[in-house]
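Pull up the model and let's take a walk through it together. We'll begin with the ligand and then move out to the rest of the chain.

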Amino acid sequence: MAFSSFFENLALSLCAETLNRMQKKTITVPFEELSYSELSPADAALVETAREATERSYAPYSHFRVGAAILLDNGEVVPGSNQENVAYPSGTCAERSACFYAHARYPEAKFKKIAVAARGTDGEFVAAPVAPCGACRQSLLEYEMLAGAPVEVLLVGRDSVYRLPSVASMLPLAFTEF
Ligand code: THU
């Protein structure tokens with residue numbers, strides 16, 4: 001083999017190796033599990049507002065009542081609850097009813113924190129914290145980006161609360177621009 005074609009072949013195989021090398025990557029979702037007694041008074045109040053908001057859920061079809069409460073940087077707390085509709089997709093989740101109303105009502109305010117609670121079909125608060133659906137994560141992410149700072153998430157269970165550092169942390173590989 002000629003000297004030059006040896007180097008040509010070497011370059012080609014190195015190139016192929018670089019192109020074909022599959023890389024395994026992992027994204028983790030960090031969260032803390034806290035007991036109620038570990039919540040700060042402000043967080044406990046936000047959690048309570050989310051729990052109360054379940055009372056104003058309109059869920060005649062699923063009987064799954066969800067409540068959310070968003071703390072804004074102007075000090076306001078905006079509650080929301082799931083609002084269902086006989087044409088199912090026309091209804092909306094608690095998180096989106098809260099975030100859309102919060103921004104409609106206080107367009108200048110930044111989101112600081114959101115708490116989410118739910119009661120199962122038996123009317124009791126769910127044992128394991130309920131997590132926002134994908135559409136709600138995407139909607140909340142928009143307001144987190146507007147805030148320019150992490151919006152903490154409190155997911156409320158019967159005996160404990162999951163605390164996530166941000167909306168982005170629960171929506172890996174999010175769609176954020178086009
Ligand atoms: N739901 C919410 O409001 N938030 C969630 O995080 C999960 C689901 C509502 C939508 C629907 O009204 C009912 O729960 C059952 O899916």
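The ligand takes up the largest pocket in this predicted model. Which residues surround the ligand? Going along the chain, you'll meet S62, F64 and V66, then N82 and E84, then C93, A94 and E95, and finally A131, P132 and C133. Sort that shell by character and you get seven nonpolar residues, two polar ones and two charged ones. The two charged members are E84 and E95, while S62 and N82 make up the polar pair.

Now zoom in on the oxygen atoms of the ligand. N82 uses its side chain here: one of its polar atoms sits 2.9 Å from a ligand oxygen. A94 comes in with its backbone instead, placing an N or O atom 2.8 Å from an oxygen of the ligand. A131 also brings a backbone N or O atom, at 3.4 Å from a ligand oxygen. How much of the ligand does the protein cover? On its own the ligand has 370 Å² of accessible area, and the protein covers 76% of that.

Time to step back and look at the fold. The protein has four helices and six strands. Read from the N terminus, the order is α-β-α-β-β-α-β-α-β-β. The protein has 178 residues, and 37% of them count as buried.

With that order in mind, find S37. You'll see it in the loop that links β1 (32-35) to α2 (41-53). Is S37 buried or exposed? S37 is exposed, because its relative accessible area is 67% and anything over 50% counts that way. The S37 side chain still has a partner: a polar contact of 3.1 Å ties it to the side chain of S35. There is also a neighbor from far along the chain, since S160 is 123 residues away in sequence but 9.2 Å away in space, C-alpha to C-alpha.

S160 opens strand β6 (160-164), and R163 lies in that strand too. Why does R163 count as partly exposed? Its relative accessibility is 23%, and values between 20% and 50% fall into that class. R163 has a long-range neighbor of its own: P30 is 133 residues off in sequence, yet the two C-alphas are 8.8 Å apart.

Two more residues deserve a click for their backbone angles. H63 has a positive phi of about 55° even though it isn't a glycine. You'll find H63 in the loop between α2 and β2 (65-72). With a relative accessible area of 45%, H63 is partly exposed. L173 also has a positive phi, near 55°, and it isn't a glycine either. L173 sits in the segment that follows β6. At a relative accessible area of 78%, L173 counts as exposed.

Methods
Residues are numbered from 1 along each chain as its sequence is written. This is a predicted model: local features need pLDDT of at least 70, side-chain atom pairs count only at pLDDT 80 or more; totals for chains, interfaces and linings use all residues. Side-chain values use heavy atoms; hydrogens and water are left out. A residue is near a molecule or strand if one of its heavy atoms lies within 4 Å of it. A polar contact is a pair of N or O atoms within 3.5 Å; within protein, one must be able to donate a hydrogen and the other to accept it, and residues adjacent in sequence count only if both atoms are side-chain atoms. Accessible areas come from the Shrake-Rupley method with a 1.4 Å probe; for residues, only the protein chains shown count as cover. On a 1 Å grid over the protein atoms alone, a cavity is a set of points where a 1.4 Å probe fits but cannot get out, and a pocket is an open set with protein on both sides within 12 Å along at least five of seven lines; lining residues have an atom within 4 Å of a point. A molecule sits in a cavity or pocket if more than half of its atoms lie within 2 Å of its grid points. Helices (H or I, at least four residues) and strands (E, at least two) are DSSP runs, numbered from the N terminus. Buried means under 20% relative accessible area, exposed over 50%, partly exposed in between (1.4 Å probe, protein chains only).
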